[in-house]
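Work through the exercises below with the sequence and the model at hand. Each task is followed by a solution in steps.

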Amino acid sequence: MKSGFITIVGRPNVGKSTLMNKLVKEKVAIVSDKAGTTRDQIKGIVNIGENQFIFVDTPGIHKPKHLLGEHMTNVALEALENVDLIMFMLDGTQEISTGDMFVNENVRSVNTPIVLVINKIDKMSDEEIEEKKKEIREKLGEFDEIITLTAEYAIGIHKIFEVAEKYLSNDMWFYPEDYYTDLPVNKIVVETVREKILHHTKDEIPHSVAVEIINVETKPTIRKYDINIYVERDSQKGIVIGKDGAMLKKIGIEARREIEHLIDLKVNLKLWVKVKKKWRKNKKFLDEMGYGK
């Protein structure tokens with residue numbers, strides 16, 4: 001039996017969480033088209049034969065503008081330590097940016113093998129892929145290996161397992177066979193609600209939203225959650241609630257369905273929206289929400 005930890009890193013919004021979900025074949029990480037959706041390390045566990053692959057999805061590495069951003073970047077950088085392999089992910093359709101170079105500096109600061117992953121090759125010709133590899137070598141240097149794939153459609157993701165298998169270093173499994181993540185149920189509930197908010201409010205509520213469970217009541221056939229949704233401005237509160245509460249109702253219905261599927265129980269969600277001005281810069285509040293360092 002072999003197992004190992006593989007960290008997936010990159011700048012924000014290159015497809016890390018999408019790749020994680022495709023590898024695990026379950027929805028482990030929430031996904032949106034906004035940069036900075038992932039705020040914590042999320043583990044996805046895949047067992048193939050005698051091998052256990054433990055993938056660690058991370059927030060996008062970036063130069064932070066507030067305390068929440070500092071937390072996210074610290075979480076990502078910590079995930080570079082004590083792992084068997086780093087998978088550094090790029091969006092192949094975009095030029096290598098200063099953000100990619102910042103990630104590159106950080107992954108090279110630790111003594112861990114690095115495999116580069118070029119995402120979105122379905123939008124690239126063979127010639128463009130070769131040009132991208134050349135650009136990578138010129139701007140970022142050499143890597144142990146380069147993998148090309150499209151996370152969204154699971155094109156080429158088998159290469160991840162083929163390459164990662166070489167780096168598995170433990171002679172034991174860390175998780176039972178039926179685990180696909182180690183996230184607590186309450187954390188998944190919070191993240192599911194946050195994902196629905198991001199999805200429905202688009203650019204109007206970028207990342208000014210935090211979600212907190214304030215009470216859980218479990219009965220034989222139903223589980224009730226009381227949940228606070230925090231935003232930073234009164235105008236954002238109005239957007240999340242919507243006209244006559246329509247937006248909040250939509251968010252609640254979609255989140256409830258997904259959570260019911262997860263826990264195999266009927267679910268009742270009570271959602272309240274509250275304004276907490278500049279909460280992303282408020283250390284005490286961030287500590288309370290689990291985003292402290």
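**Exercise 1.** Classify Glu258 by its relative accessibility, then find its salt-bridge partner and place both residues.

Solution.
Step 1. Glu258 has 27% relative accessibility and therefore counts as partly exposed; buried means under 20% relative accessible area, exposed over 50%, and partly exposed in between (1.4 Å probe, protein chains only).
Step 2. The model is predicted: local features need pLDDT of at least 70, side-chain atom pairs count only at pLDDT 80 or more, and totals for chains, interfaces and linings use all residues. Residues are numbered from 1 along each chain as its sequence is written, and side-chain values use heavy atoms, with hydrogens and water left out.
Step 3. A salt bridge requires a side-chain nitrogen of Lys or Arg within 4 Å of a carboxyl oxygen of Asp or Glu. Glu258 meets this with Lys27, the closest N and O atoms being 3.0 Å apart.
Step 4. Glu258 belongs to helix H8, and Lys27 to the loop between helix H1 (16-24) and strand E2 (42-48), so the bridge ties together parts 231 residues apart in sequence. Helices (H or I, at least four residues) and strands (E, at least two) are DSSP runs, numbered from the N terminus.
Step 5. Lys27, at 38% relative accessibility, is partly exposed.

**Exercise 2.** Which parts of the chain does the salt bridge between Glu145 and Lys166 tie together?

Solution.
Step 1. The side chains of Glu145 and Lys166 meet at 2.9 Å, N to O.
Step 2. Glu145 lies in strand E6 and Lys166 in the loop between H5 and helix H6 (185-201), so the joined parts are 21 residues apart in sequence.
Step 3. Glu145 is partly exposed at 22% relative accessibility, whereas Lys166 is exposed at 57%.
Step 4. Elsewhere, salt bridges with shared partners join Lys27, Glu195, Lys196 and Glu258 into one network.

**Exercise 3.** Is Glu142 buried or exposed, and what does its side chain pair with?

Solution.
Step 1. Glu142 has 56% relative accessibility and counts as exposed.
Step 2. Its side chain forms a salt bridge with Arg137 (3.9 Å, N to O).
Step 3. Arg137 is partly exposed, at 41% relative accessibility.
Step 4. The count by this rule is 19 salt bridges.

**Exercise 4.** Where do Ala154 and Asp244 lie?

Solution.
Step 1. Ala154 is in the loop between strand E6 (145-148) and helix H5 (158-164). Ala154 has a positive phi of about 60° although it is not a glycine, and is partly exposed at 33% relative accessibility.
Step 2. Asp244 is in the loop between helix H7 (234-241) and helix H8 (246-263). Asp244, also not a glycine, has a positive phi of about 55° and is exposed, with a relative accessible area of 76%.
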